[in-house]
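Colleague: I am new to this model and would like to learn how to read it. Could you take me through it one feature at a time?

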Amino acid sequence: MFTGVMAVSSTVHKNLIGGAWVGSATGASFENRNPADTDDLVGTFPKSSQEDVDRAVEAAGKAYESWRLTPAPRRAEIVFRAGQILAQRKEEYAREMTREMGKVLKETRGDVQEAIDTAFYAAGEGRRLFGQTVPAELPDKFAMSIRVPVGVCGMITPWNFPMAIPSWKIFPAIVCGNSIVIKPATDTPLSVVNFARALEDAGLPPGVVNVVSGTGGSVGAPLLKHAGIRLISFTGSTEVGQQIAVECARGYKKCSLEMGGKNAMILLDDADLDLAVEAALWGAFGTTGQRCTATSRVIADRRVVASFTERMVARARTLKVGSGLDETVEMGPCVNEAQLRTVESYVQIGSKDGARLLTGGSRLSGGAHGKGWFFEPTIFGEVKPDMRIAREEIFGPVLSIIPVDGMDEAIRVANAVEYGLSGAIFTRDVNKAFRAMRDVEAGILYVNSSTIGAEVQLPFGGVKKTGNGHREAGTTVLDIFTEWKSIYVDFSGRLQKAQIDRAD
Ligand code: UN1
């Protein structure tokens, strides 16, 4: 349980390499501070480099030899136990997560819950991991496909879902028999350390999961280039994802990328407006807008745009912004100063491009906001589809309302961006709902609900510059973390030639 003492304590944290918690090879470390109160030092973490990465990859390679031979149901039982441990520690880990990255407690509890859900789902796969048996074209011959692990996997994870996203990758990866080196985001290493502790306490053998903290340049880059790494799994910006893809191509590594979004909620003239307002509020300002699934555009039919906008602005003004550790707060800070500056610059860009700033637009300082990176919930109206705020990912609490004439234009505008992660439509017309399901270019689509809040048992990912064709979660994640092997067993006792030995 949370105590007052924990809120002011800070700890020296270590890397996890080969089952031992160790400092960086150089002894260097970096600070992790609370974005709601920068006087609050959450802890220090190893500032690692090439040498630490080399050791971790070596440990992972060694562990892989026996882990890949451990029966998948046994591997999965450890994952199941880790899920149970996370459930016991949910409150503690949620509080530490809020303290290190700012989102409100009910959301960090949700983040840990998403990891628990993933554990239980992935654990079930330990007794499935289905392959196929198919008929062979020759007599006395058997044909089947099986899934085999990829090897040592490198993972580079973001700060906005500091435990859920590592869990999407790590749990299925280890059920499949891989071993891991993970570089957590520099803003949120503690949640990955906590996650690794749960795995350790669940009985995971040393070296199967290794944690190396540090920057993209000094840990991410060596990980990408390391010859011992067979796969890189990345969630983060589209720009960095592209660099990773290029580097993986050079090294012939398998690579799965989960990147940006510019998600639209389409609001038709028959929509339940009160419901749409609540959904847009949650989608745009939940996690301070820092989700790749965040609602950053509402594309509204002109017949309802005024009344939607009026209600939306009124509700946004009531949102309580502050420290996520305060249960009454609805929106926490931006994760760091750089993110806050990006949001500020997009507000300037939006105003300069001629959009109408309807509410927010400024940093909150003074009083309870004096020591954190707080920004007002911000809404722009009369946004045109070609404006930068309507096209570029902001990753902050900024919503653009784009008026359109009818459904055809709404879909055109929704699709006129480079991303395609999530989308939503609000309508009571089932025919229109099905058209949106078919025509919106996105990996996830919601009918009469917000663009955020995916469940772990369906594929998660997107099209265009959002992804590179892979899907995490669901059973599709197994295609990332296994390779297919096709097996032919000829029990005829003679050499049979496929395609050639036939009667005609
Ligand atoms: C992300 O923002 O990177 O669907 C992940 C959702 C969450 C996950 C978001 N379950 O919004």
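**The ligand and its surroundings**

Modeller: Start with one contact: a backbone N or O atom of Ala-454 lies 2.7 Å from an oxygen atom of the ligand. Taken alone the ligand exposes 320 Å², and the protein buries 99% of that; accessible areas come from the Shrake-Rupley method with a 1.4 Å probe, and for residues only the protein chains shown count as cover. This is a predicted model, in which local features need pLDDT of at least 70, side-chain atom pairs count only at pLDDT 80 or more, and totals for chains, interfaces and linings use all residues. Residues are numbered from 1 along each chain as its sequence is written, and side-chain values use heavy atoms, with hydrogens and water left out.

Colleague: Which other residues have an atom 2.7 Å or 3.0 Å from an oxygen atom of the ligand?

Modeller: Thr-293 places a polar side-chain atom 2.7 Å from a ligand oxygen. Gly-453 has a backbone N or O atom 3.0 Å from an oxygen atom of the ligand.

Colleague: Which residues are around the ligand?

Modeller: A residue is near a molecule if one of its heavy atoms lies within 4 Å of it. Around the ligand are Glu-114, Asn-160, Phe-161, Ile-165, Trp-168, Arg-291, Cys-292, Thr-293, Ile-452, Gly-453, Ala-454 and Phe-460. By class, this shell has 7 nonpolar, 3 polar and 2 charged residues; Ala, Val, Leu, Ile, Met, Phe, Trp, Tyr, Cys and Pro count as nonpolar, Asp, Glu, Lys and Arg as charged, and the others, Gly among them, as polar.

Colleague: How do I read buried and exposed?

Modeller: Buried means under 20% relative accessible area, exposed over 50%, and partly exposed in between, with a 1.4 Å probe and protein chains only. Helices (H or I, at least four residues) and strands (E, at least two) are DSSP runs, numbered from the N terminus. Helix H14 (residues 406–415) has 7 of its 10 residues buried, so it is largely enclosed by the rest of the structure. The buried residues of H14 are Gly-406, Met-407, Ala-410, Ile-411, Val-413, Ala-414 and Asn-415.

Colleague: Is Thr-359 buried or exposed?

Modeller: Thr-359 is buried, because its relative accessible area is 9%. Thr-359 is part of strand S15 (residues 356–359). Its side chain and that of Arg-317 are joined by a polar contact of 3.3 Å. A polar contact is a pair of N or O atoms within 3.5 Å; within protein, one must be able to donate a hydrogen and the other to accept it, and residues adjacent in sequence count only if both atoms are side-chain atoms.

Colleague: And Tyr-252: where is its place?

Modeller: Tyr-252 is in the loop between helix H9 (238–251) and strand S12 (254–258). With a relative accessible area of 77%, Tyr-252 is exposed.

Colleague: What does the sign of phi tell me?

Modeller: Most residues other than glycine have a negative phi. Asp-140, which is not a glycine, has a positive phi near 50°. Asp-140 is in the loop between strand S6 (132–134) and strand S7 (141–149), and counts as partly exposed because its relative accessibility is 39%. Gln-499 has a positive phi of about 65° although it is not a glycine. Gln-499 lies in the segment after strand S24 (482–490) and, at 61% relative accessibility, counts as exposed.
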